[in-house]
Amino acid sequence: MADATPDQPDGTFRPEKHFRRSRGRNVGDAIISVFVRAGLVPSSYILTTKGRKTGRLRTNPVTVVEEDGKRWLVAPYGVVSWVHNARAAGKVTLRRRFDVRAYAVREVTAQEAGPVLKRYVRIATATRPYFQATKDSPVEDFIAEADRHPVFEITPVAAKRLGDNG
């Protein structure tokens, strides 16, 4: 981001906040998950991935970015466990209220991720401290930090009907 405009009055950039799992974070995730499951948090879902080492199902609240009929998952806290699991499995499940759907995931390039990250920062305000770019930064600033915030395009997987053998 060498060409970026500093966002602090003294001409510097704000320090990047780093994600740390804590007891408080676990409690917060559990509370927000209740609201997400009930469908009360806009654009939010419960993401389920299969643990790449344990095989156990893991859940996390996530915000989905939607635009022009496409959908993306953003990892605002960097390469965390669900990112590793999604990469390994190539698929995830999203749940909201009683709607549960499977999706194939494709990690996008930095060029593709830039506009998605910019949109994400506008709708997921609580994650803004984890980005160097601000909601008003140009897309180029988001492209520059895309390597720290993986973005996955998600596409629905057709559900198999009972009795299908394929």
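**Close-up views of a six-stranded barrel and its helices**

**View 1. Leu-73 and its partner across the sheet.** Leu-73 stands opposite Phe-152, a residue of strand β6, in a model that is predicted. The wider setting of this view is the pairing of β3 with β6, which runs in the antiparallel sense over 4 bridges. In general, the strands of a sheet are joined through hydrogen bonds of the backbone, and their pairing may be parallel or antiparallel.

**View 2. The closed barrel.** Six strands form a closed barrel in the order β1-β2-β3-β6-β5-β4, and their pairing is antiparallel. On average, neighbouring strands of this sheet are turned by 45° against each other when direction is ignored.

**View 3. Two helices packed on the sheet.** Helix α2 packs on the sheet and touches β1, β2, β3, β4, β5 and β6, with its direction making about 60° with that of β1. Helix α3, which spans residues 110-123, also packs on the sheet, where it touches β2, β3, β5 and β6, and its direction makes about 100° with that of β2.

**View 4. The buried residues of α2.** Within helix α2, made up of residues 81-89, the residues Trp-82, Val-83, Asn-85 and Ala-86 are buried. These four lie on the same side of α2, because the arc that they cover around the axis is only 165°. The buried residues of this helix pack against β1 (44-50), β2 (57-67) and β3 (70-74), and likewise against β4 (91-96), β5 (99-107) and β6 (151-156).

**View 5. The residue that follows α2.** Helix α2 is followed by Gly-90, a residue whose phi is positive, with a value near 75°.

Terms used: Residues numbered from 1 in each chain as written. Predicted model: local features only at pLDDT ≥ 70, side-chain atom pairs only at ≥ 80, totals over all residues. Heavy atoms only, no water. Buried < 20%, exposed > 50% of the residue type's maximum accessible area, 1.4 Å probe, protein only. Helix = DSSP H or I, 4+ residues; strand = E, 2+ residues; numbered from the N terminus. Arc of directions from axis to C-beta. Contact = heavy atoms within 4.5 Å. Pairing = 2+ DSSP bridges. Axes fitted to C-alpha atoms, helices over the stretch in contact; angles between N-to-C directions.
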